[in-house]
Amino acid sequence: MLVRLRAVRDDDADAIFEMMRDRESIRLAAFTVADPDDRAAFDERLHRMRTSPSIAVRAVEADGVFAGTVGAFTLGGEREVTYWIRRELWGNGIATAALRLLVASEQERPLHARVAAANVGSLRVLERAGFARAGSEASFAAGTGREVEELLLQLG
């Protein structure tokens, strides 16, 4: 499967919104927005992500079809990565390939990532892209409505 990154376009908004409303994806990601069905808030976030100079958000295509998003942003002085792939495409190596492409384009090191400890698939994606565990903490996760263990990872 050929995976590539491209700029997020206006016509991606509906697909991204729907993808990020998938309840199983939300449960596994855990650290999501409080109300994934709030389209106005989503549109505002997407606009901010696309226009902020400190955020690099890219659409992920697999064999020419929209597959998800990947990005990097600065939070608390640390450069952090994030990704979200359409659930029906999980298990095809798309997230790993997309994250590797993003990491190759990011100059800043170290890069950081966070993942719910129960999200074993996402942890594997991060480790395959070279991230190593650097700690953990308990944090409230809107996607589960409770506190969960969050693993902290770093790429040198």
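1. A good place to begin is helix α4, whose length can be checked with simple arithmetic: at 1.5 Å a residue, its twelve residues should span 16 Å, and because the C-alpha atoms at its two ends are 17 Å apart, the expected and computed values agree. Please keep in mind while reading that this is a predicted model. The buried residues of α4 are I94, A95, T96, A98, L99, L102 and V103, and you may find it useful to pick them out on the structure before going on.

2. Helix α4 also matters for the interior of the model, where the largest nonpolar core holds 27 residues, and where V60, V81, I94, L99, L126, F131 and L153 are the ones with the most contacts inside that core. The elements that contribute two or more residues to this core are β2, β3, β4, α4, β5, α5 and β7, and the largest share, six residues, comes from α4.

3. To see how one member of this core is surrounded, look at L126, which touches V81, Y83, L99, A113, V115, F131 and L153 when residues up to four places away in sequence are not counted. There is also a second, separate core, which has twelve residues and includes A13, F17, L46 and A59.

4. The strands deserve a careful walk, beginning with β2 (residues 55-62) and its neighbour β3 (residues 65-75), which pair in the antiparallel sense over eight bridges. Within this pairing R58 stands opposite V70 of β3. The hairpin that β2 and β3 form has two residues between the strands, and in this hairpin D63 takes a positive phi near 50°.

5. Strand β3 is in turn joined by eight bridges to β4 (residues 78-85), and these two strands run antiparallel; here L75 has E78 in β4 as its bridge partner. The hairpin of β3 and β4 has two residues between the strands, and G76 in this hairpin takes a positive phi near 60°.

6. With β5 the direction of pairing should be looked at again, since β4 and β5 run parallel and are joined by two bridges, with E80 standing opposite H112 in β5. The chain crosses from β4 through α4 to β5, and this β-α-β crossover is right-handed. Strand β5 is mostly covered, as five of its six residues are buried.

7. Strand β5 also pairs with β7, in the antiparallel sense and over six bridges, and in β7 the bridge partner of A113 is L153. Next in this strand one can look at Q154, which is found in β7 and whose C-alpha atom is 6.3 Å from that of A113, although the two residues are 41 apart in sequence. Leaving out residues up to four places away in sequence, Q154 touches P110, L111, H112, G130, F131, A132 and A134. Is Q154 buried, partly exposed or exposed? Its relative accessible area is 32%, so Q154 is partly exposed.

8. A contrasting case is E61, which lies in strand β2 and has a relative accessible area of 8%, so that this residue counts as buried. With which side chain does the side chain of E61 make a polar contact? The partner is R6, at a distance of 2.6 Å. Setting aside residues up to four places away in sequence, E61 touches L2, V3, R4, R6, R9, F66 and A67.

9. The beginning of the chain should not be overlooked, for M1 lies in the segment before β1 (3-7) and is exposed, because its relative accessible area is 57%, while the cut-off for that word is over 50%. Even so, M1 touches A62, D63, N92 and I94, again not counting residues up to four places away in sequence. The C-alpha atoms of M1 and G130 are separated by 21 Å, and these residues are 129 residues apart along the chain.

10. A last point concerns S52, whose place is in the loop between α3 (39-51) and β2. Why is S52 called buried? Its relative accessible area is 19%, and buried means under 20%, so S52 falls within that cut-off. The side chains of S52 and S54 are joined by a polar contact of 3.1 Å.

Conventions: Residues are numbered from 1 along each chain as its sequence is written. This is a predicted model: local features need pLDDT of at least 70, side-chain atom pairs count only at pLDDT 80 or more; totals for chains, interfaces and linings use all residues. Side-chain values use heavy atoms; hydrogens and water are left out. Helices (H or I, at least four residues) and strands (E, at least two) are DSSP runs, numbered from the N terminus. Buried means under 20% relative accessible area, exposed over 50%, partly exposed in between (1.4 Å probe, protein chains only). A polar contact is a pair of N or O atoms within 3.5 Å; within protein, one must be able to donate a hydrogen and the other to accept it, and residues adjacent in sequence count only if both atoms are side-chain atoms. Contact means heavy atoms within 4.5 Å. Two strands pair if DSSP finds at least two bridges between them. A nonpolar core is a set of buried Ala, Val, Leu, Ile, Met, Phe, Trp, Tyr and Cys residues joined through side-chain atoms within 4.5 Å. The expected span of a helix is 1.5 Å times one less than its number of residues. A crossover is right-handed if, with the strands pointing away from the viewer, the path from the first strand over the helix to the second runs clockwise.
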